Amino acid sequence: MKVLFVASFGGHWVQMRRLAKLVECSALVYVGTAEGEHDGADDYLEDFSIRELWCGMRQLPRALGIVRRHRPDLIISTGAAPGLLLLFAGFLLGMKTVWVDSIANSQRLSLSGRVAKLFASRVLTQWPALAKGRVQYQGSLL
């Protein structure tokens, strides 16, 4: 199984790398947001906030191209908005997607996580108290 992992720089990237060590797969692809700062990233998206919707929509063709080029069986994101965009591109192409909300969101699912509930195959939280409806808790990465 080929898995595409996508995350923004910083804590999202650290959580994604920890998660990648736990997932059994035959091939890994990493997509980051800060070219030159992520060792081992295969592709990059520009970083943007979920509140900067225009910046994200402008990158949708690039996100679709990344998904088509790598043809993963599964796309997993630990956030933030660029990860959500790549999950959405995977959704449009009929792929399985998993959103893992950041451990930093202990009181409420992030805005990106709440949007991911609309189309992601699975949405995971790292806090048991936030597991409701489609949002599941299966442990934390830190």
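1. Helix H4 is mostly covered, with nine of its 12 residues buried. The buried positions are Ala81, Pro82, Gly83, Leu84, Leu85, Leu86, Leu87, Ala89 and Gly90. This is a predicted model, and the points below should be read on that basis.

2. On geometry, H4 runs over residues 81-92 and reaches 16 Å from its first C-alpha to its last, close to the 16 Å expected at 1.5 Å a residue. Gly94 follows the helix and has a positive phi, near 75°.

3. The largest nonpolar core has 25 residues. Those with the most contacts inside this core are Leu4, Val6, Val31, Leu86, Leu87 and Val123. Strand E1 (2-6), strand E2 (27-32), helix H3 (60-70) and H4 are the elements that give two or more residues to the core. H4 gives the most, with six residues. Leu86 and Leu87 are also on the list of buried H4 positions.

4. Strand E2 also contains Val29. Val29 has a relative accessible area of 4% and is buried, because the cut-off for that class is under 20%. Val29 and Asp47 are 18 residues apart in sequence, and their C-alpha atoms are 18 Å apart in space.

5. The structure holds two salt bridges. In one of them, the side chains of Arg69 and Asp43 meet at 3.1 Å, N to O. Arg69 belongs to helix H3 and Asp43 to strand E3 (residues 43-44), so this pair ties together parts that are 26 residues apart in sequence. The two partners fall in separate accessibility classes: Arg69 is exposed, with a relative accessible area of 51%, whereas Asp43 counts as buried at 14%. The value for Arg69 should be read against its cut-off, because exposed means over 50%.

6. A salt bridge is also formed by the side chains of Glu46 and Arg58, at 3.3 Å, N to O. Glu46 sits in the loop between E3 and H2 and Arg58 in helix H2, so the pair links distant parts of the chain, 12 residues apart. Both partners are partly exposed: Glu46 has a relative accessibility of 42%, and Arg58 has 44%.

7. Which residues make the nonpolar surface patch of about 380 Å²? The patch is made by Leu53, Trp54 and Met57. Leu53 lies in helix H2, which covers residues 53-58, and counts as exposed at 56% relative accessibility. In general, an α-helix has 3.6 residues a turn, so residues three or four places apart point the same way. Helix H2 also holds Arg58, the partner of Glu46 in the salt bridge of point 6.

8. How many disulfides does the structure hold? The count is zero. Among the cysteines, Cys25 is partly exposed, with a relative accessible area of 26%. Cys55 likewise counts as partly exposed, at 25% relative accessibility.

9. To sum up, H4 is mostly covered and gives the most residues to the largest nonpolar core. The salt bridges are Arg69 with Asp43 and Glu46 with Arg58. Leu53, Trp54 and Met57 make a nonpolar patch on the surface, and there are zero disulfides.

Notes: Residues numbered from 1 in each chain as written. Predicted model: local features only at pLDDT ≥ 70, side-chain atom pairs only at ≥ 80, totals over all residues. Heavy atoms only, no water. Patch = residues over 30% accessible without salt bridge, like charges linked within 9 Å, V, L, I, M, F, W, Y side chains within 5 Å. Areas by Shrake-Rupley, 256 points an atom, 1.4 Å probe, with all protein chains shown as cover. Salt bridge = Lys/Arg side-chain N within 4 Å of Asp/Glu carboxyl O. Helix = DSSP H or I, 4+ residues; strand = E, 2+ residues; numbered from the N terminus. Buried < 20%, exposed > 50% of the residue type's maximum accessible area, 1.4 Å probe, protein only. Expected span 1.5 Å × (residues − 1). Disulfide = S-S within 2.5 Å. Core = buried A, V, L, I, M, F, W, Y, C linked by side-chain atoms within 4.5 Å.
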